[in-house]
Amino acid sequence: MVHLTVDIGGRPGSDCRGFCAYCYFKHAKDVPAFGCRYCLPFLKGCDYCTRGVKEEYAGFLPLKDVADSFLADLQSVTDEVTRITISGGGDPSCYPEFTDLFELLGTLEVPLHIGYTSGKGFDDPAIADFLIAHNLREISFTVFAADANLRREWMHDPTPEASLEIIRRLAAEIEVYAAVVILPGINDGAVLTQTLSWLSDVGVKGVILMRFANTPEQGLILGNAPILPNQRTHTVEEFREILKESGAAFPSLRISGTPLYDPAFDSPFALRNMPDLLDRLPKIHKKGTLITGAVATPYIRSIVSACGGDPSSVVGVAKEIACLITIDDLRQLDLSVLEDTVIIPGRAFLHDAEAEKVLSADGVSRTVIRGPEMLSADGETSMGMSEIDVLTMEMEGFSALIRLINQYGCST
Ligand code: SF4
């Protein structure tokens, strides 16, 4: 089973018929490279943390280049290709040669998947029938609201009625997953209920609710906060409640949220409520500090404690999401509470050597170890997983983390 990706390039916002009002890429500055897990030990900045994270493409790639590179990928695989995903920095619905690309891929008779579209580039509902006829089988579609006027105002969709009709036609035939960025006072409350009700009626399979972020702590690391001055954001607790209530009110929809929560599995960190599984994790017998994001801190503390570790060894930074921790977050830490071994999140935007320097600035030489890639699945990831998949991922993540503490930590 091979999944291939067709990369069409493009820039978020610029190649989306203009920015949605809430787009995370709006006002993004040309910030210096953060450093990351892919960087060479002696060089801060690689292609991923310099360009990839900003989805910095020059523009949409010409169809010829897209096709050449896809055909090269296709020729290099020996197994059967079972799925082809179309994605890019820009919005596929705005790709100038979209129908030509689809006709080309449709001849392969492999199920096609559009990784993400706002639908702002689609103006004619007939495109839905065209896509179904050319083997589109799954699509993730940004909705914002079932109210066309709100789509027009906040997504700057020139033809919102057509976009909603396309969702309706697609959902009747293929798997449609909807994404809704939630802005308090704009599309939450009764508007969200109306939107979920409409999505449920038209047969959408799942909905990912995305909390709007407006501050660096909430994840805007491209120097672009605030996206919407004076716009309130939901707290993590408020957002979890929205997810819980929505999941209970619309049982036919698979609803989960990011940065949390998945009401179907009580995840992330569903493991914390499973004593039998916690018993199977290795015991912690060395000391080390675990740096993580503000959201994950209480969860990881409870799991560390269940494994015999000291919950105070889990130190949360102000940044809410561990994967978006940067060197500025480490600079704000009270170094006196850190052990000599510090484990940083596997995906954090840190260069290990720089992290080590900042965390040793008080004269105590500390060793920085990069932790596992993931300790749990966020709502976007768990949406396509079973409960067993999520728990397996958490067991593997925490087992690896505890092995690192026991291997590199100091004696207790
Ligand atoms: S469609 Fe997505 S990437 Fe494009 S402007 Fe809107 S939010 Fe940004």
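H156 sits in the loop between helix 5 and helix 6 (160-171) of this predicted model. The phi angle of H156 is near 60 degrees, a positive value in a residue that is not glycine. Most residues other than glycine have a negative phi. H156 has 39% relative accessibility and therefore counts as partly exposed; the class runs from 20% to 50%.

A positive phi also occurs at F144, again in a residue other than glycine, with a value near 70 degrees. F144 belongs to the loop between strand 4 (136-142) and helix 5 (148-155). Is F144 buried or exposed? At 1% relative accessibility, F144 is buried, because the cut-off for burial is 20%.

Two cis peptide bonds were examined next. The bond from A225 to P226 is cis, and omega is near -10 degrees. P226 lies in the loop that runs between strand 6 (206-211) and helix 8 (236-249). The bond from T258 to P259 is cis as well, with omega near 15 degrees. P259 is placed in the loop between strand 7 (254-258) and helix 9 (275-280). Most peptide bonds are trans.

At the level of the whole fold, the protein chain contains 14 helices and 13 strands. The C-alpha atoms fill a box of roughly 65 × 45 × 45 Å along the principal axes. The chain has 412 residues, for which a compact globule would have a radius of gyration near 22 Å. The value for the chain is 22 Å, so it agrees with that of a compact globule. Of the 412 residues, 54% are buried. Contacts were also sorted by separation in sequence. Among those between residues at least 6 apart, 75% join residues at least 24 apart. The chain exposes about 17,800 Å². Carbon and sulfur atoms supply 53% of this area.

Helix 12 offers a view of local packing. Its span is residues 352-359, and its buried residues are E354, A355, V358 and L359. These residues cover an arc of only 125 degrees around the axis, which means that they lie on the same side of helix 12. Which elements cover them? The cover includes helix 11 (327-331), strand 11 (341-344) and strand 12 (367-370).

Helix 11 also holds D329. D329 is buried, with a relative accessible area of 8%. Neighbours within four places in sequence aside, D329 is in contact with V317, K319 and L324. The distance from D329 to C23 is 23 Å, C-alpha to C-alpha. In sequence, D329 and C23 are 306 residues apart.

C23 is also one of the residues around the ligand. The others in this shell are P12, G13, C16, G18, F19, C20, Y116, S118 and K120. How does the shell divide by residue class, and how many residues are charged? The shell has six nonpolar residues, three polar residues and one charged residue. The nonpolar members include P12, F19 and Y116. Glycine counts as polar in this scheme, so G13 and G18 fall in the polar group. Lysine counts as charged, which places K120 in the charged group.

Key: Residues numbered from 1 in each chain as written. Predicted model: local features only at pLDDT ≥ 70, side-chain atom pairs only at ≥ 80, totals over all residues. Heavy atoms only, no water. Buried < 20%, exposed > 50% of the residue type's maximum accessible area, 1.4 Å probe, protein only. Helix = DSSP H or I, 4+ residues; strand = E, 2+ residues; numbered from the N terminus. Arc of directions from axis to C-beta. Contact = heavy atoms within 4.5 Å. Near = heavy atom within 4 Å. Rg over C-alpha atoms; globule rule 2.2 N^0.38 Å. Areas by Shrake-Rupley, 256 points an atom, 1.4 Å probe, with all protein chains shown as cover.
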